[in-house]
Amino acid sequence: MEMFGDPAIWLPFAFAGLMGLSILIYVVLDGFDLGVGVLTPLADGKEKDMMIASIGPFWDANETWLVLAVGLLLVAFPAAHGSILTALYLPCVLLLVALILRGVAFEFRAKSTGAAHKRWNLVFFIGSLGASLAQGFMLGLYIMGLKVTLATVGFAFVAALALSASYAFIGACWLILKMEGELQWRAVAWARRGLFAMIGGFAIISVVTPLVSERIFDKWFSFPEIILLSPLPIAAAAVGLILFRLLERSPMEGDRLSWAPFALASVLFILAFAGLAYSFYPYVVPDQLTIYEAASAPESLLIILIGALFVLPVILGYTIVAYTVFRGKATKLTYY
C-alpha cells in the first residue's frame, strides 16, 4: 500500500513496466519480420515476394514499439538514457542504418526488375540481418554491464548470433502461419533447424548472465528463490519440447494448428524476457543505476504518464486493427 502511496516509488516502477512492455512487444513483433528478412536468401524470386508480402502490412507498425521504448527511456530515465546510448553508440548507429536500408529496399525492390531487383533483395536481407545482429550485440553488451573488454565484446557477438537465429526461427513460425503449399513446407524445415539454434543461444545467455554479476547469481540461486523461480526454466523447457514435437508433425492436414508454432515461439520469447527482467530489476544500468535513481522528478513523470496513457492505447489499438484486418494467409504483394 505504501509503495503505491509514494509517487517517487510507483511512478518509476510504472514507467519501467511500460518500457519493458514496449520492448517485449517490439522484440516479438519486429523479431518475426526481421527474421523473415533474414530467411529471404533461402527462397527463390516468387517466394521472396510472398514472404515480404506476409510482413508488408505490419513491419513499419511493429517498429513503432521500438520508438516508444526509446522515447520512454529518454523522458522517464534521462540519466540511464545517456549512459546506455553512450556505451551502445556504435551498434545503435548500425541499427539505424540497417533499418533505413531495409525500409528503402522494401519500397524500391517493387519498382525494379532484373539485376536491380536482385540488388534490392540483397539490401533487404543485409538490412534485416544487420538490425538483428546490432540488437543482439546491444543485448550482449548490456548483460555484460556495458563494459567494453575483449571478453564482453566476444560475448556480445555470441548474443548477436543467438538473437539473429531466434528472429529467424520466429520468422519461420510466422511463415508457417501465413503461407500455404511448398513455401509452408520449407518454413517448417527452417523452423525445425532454427529451434535448436534458438534454444542453444538462450541456454548460453541463461548460463552466462548469473555468472556476470554476484547480485544476479544470488537472486537466482539462493534459497527459497531457486525453488520459487524454478517454474520459469521448467516452463521454457516444456514449451521447447512441445514446439519440437509440433514441428515434427507440421504442416498438418487442413492447415490445423498452423498458428501454434508462432504462438509458442512468442511464449518462449516472453519467458526469456521475464528471466532477464527479473535478473536486472531494479537496475536500468546494470549494477550502476536503479530505476529510482535514474528516474525524472515525480512531477515530471506524472505529466509524462498522462501523455503515455493516451499514446499507448493508440499504438496498441492500431496494432490490433492491423493484425485483425490483415489476418489469414498472405496474398500477392502489391504497392500503391
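Select F169 and the residues around it: F169 touches A191, G194, L195, M198, L243, L247 and A265, leaving aside residues up to four places away in sequence. Contact here means heavy atoms within 4.5 Å. This is a predicted model, in which local features need pLDDT of at least 70, side-chain atom pairs count only at pLDDT 80 or more, and totals for chains, interfaces and linings use all residues. Residues are numbered from 1 along each chain as its sequence is written, and side-chain values use heavy atoms, with hydrogens and water left out.

**Helix α7**

F169 lies in helix α7, which covers residues 150-178. Helices (H or I, at least four residues) and strands (E, at least two) are DSSP runs, numbered from the N terminus. Is F169 buried or exposed? With a relative accessible area of 0%, F169 is buried. Buried means under 20% relative accessible area, exposed over 50%, and partly exposed in between, with a 1.4 Å probe and protein chains only. Now add P261 to the selection: F169 and P261 are 92 residues apart in sequence, and their C-alpha atoms are 9.8 Å apart in space.

Next, select A168, also in helix α7. A168 has 13% relative accessibility and so counts as buried. Which residues does A168 touch, not counting those up to four places away in sequence? They are G35, V38 and L39. From the C-alpha atom of A168 to that of F262, 94 residues away along the chain, the separation is 12 Å.

**Helix α6**

Move to S128, found in helix α6, residues 114-143. S128 is buried, its relative accessible area being 0%. Show the polar contacts of this residue, a polar contact being a pair of N or O atoms within 3.5 Å; within protein, one must be able to donate a hydrogen and the other to accept it, and residues adjacent in sequence count only if both atoms are side-chain atoms. The side chain of S128 reaches the backbone oxygen of F124 at 2.9 Å. Not counting residues up to four places away in sequence, S128 touches L34, G37, V38 and R102. V38 is thus a residue to keep selected, as it is among those touched by A168 and among those touched by S128.

Q135 is in helix α6 too. Its relative accessibility is 10%, so Q135 counts as buried. Beyond the residues up to four places away in sequence, Q135 touches Y26, L34, L95, L163 and Y167. L34 is in this list and also in the list for S128.

**After α6, and on to α8**

Follow the chain into the loop between α6 and α7, where L146 lies. What is notable about phi of L146? Phi is near 65°, a positive value in a residue other than glycine. L146 counts as buried, at 12% relative accessibility.

Then select L211, in helix α8, residues 181-212. L211 counts as exposed, at 61% relative accessibility. Its C-alpha atom is separated by 9.9 Å from that of M144, and the two residues are 67 apart along the chain.

**Loops with cis peptide bonds**

Select F223 and P224: the peptide bond from F223 to P224 is cis, with omega near 15°. P224 is in the loop between α9 (214-221) and α10 (225-228). A second stop of this kind is the peptide bond from S250 to P251, which is cis with omega near -10°. P251 has its place in the loop between α11 (231-249) and α12 (260-280).

**The loop between the strands**

Where is D287? D287 is in the loop between β1 (283-285) and β2 (289-290). Phi of D287 is near 55°, a positive value in a residue other than glycine. D287 is partly exposed, with a relative accessible area of 39%.

**The whole chain**

Finally, clear the selection and show the protein chain, which has 14 helices and two strands. The C-alpha atoms of the protein chain fill a box of roughly 60 × 40 × 40 Å along the principal axes. Buried residues make up 47% of its 336 residues. Of the contacts in the protein chain with a separation of 6 or more, 78% are between residues 24 or more positions apart.
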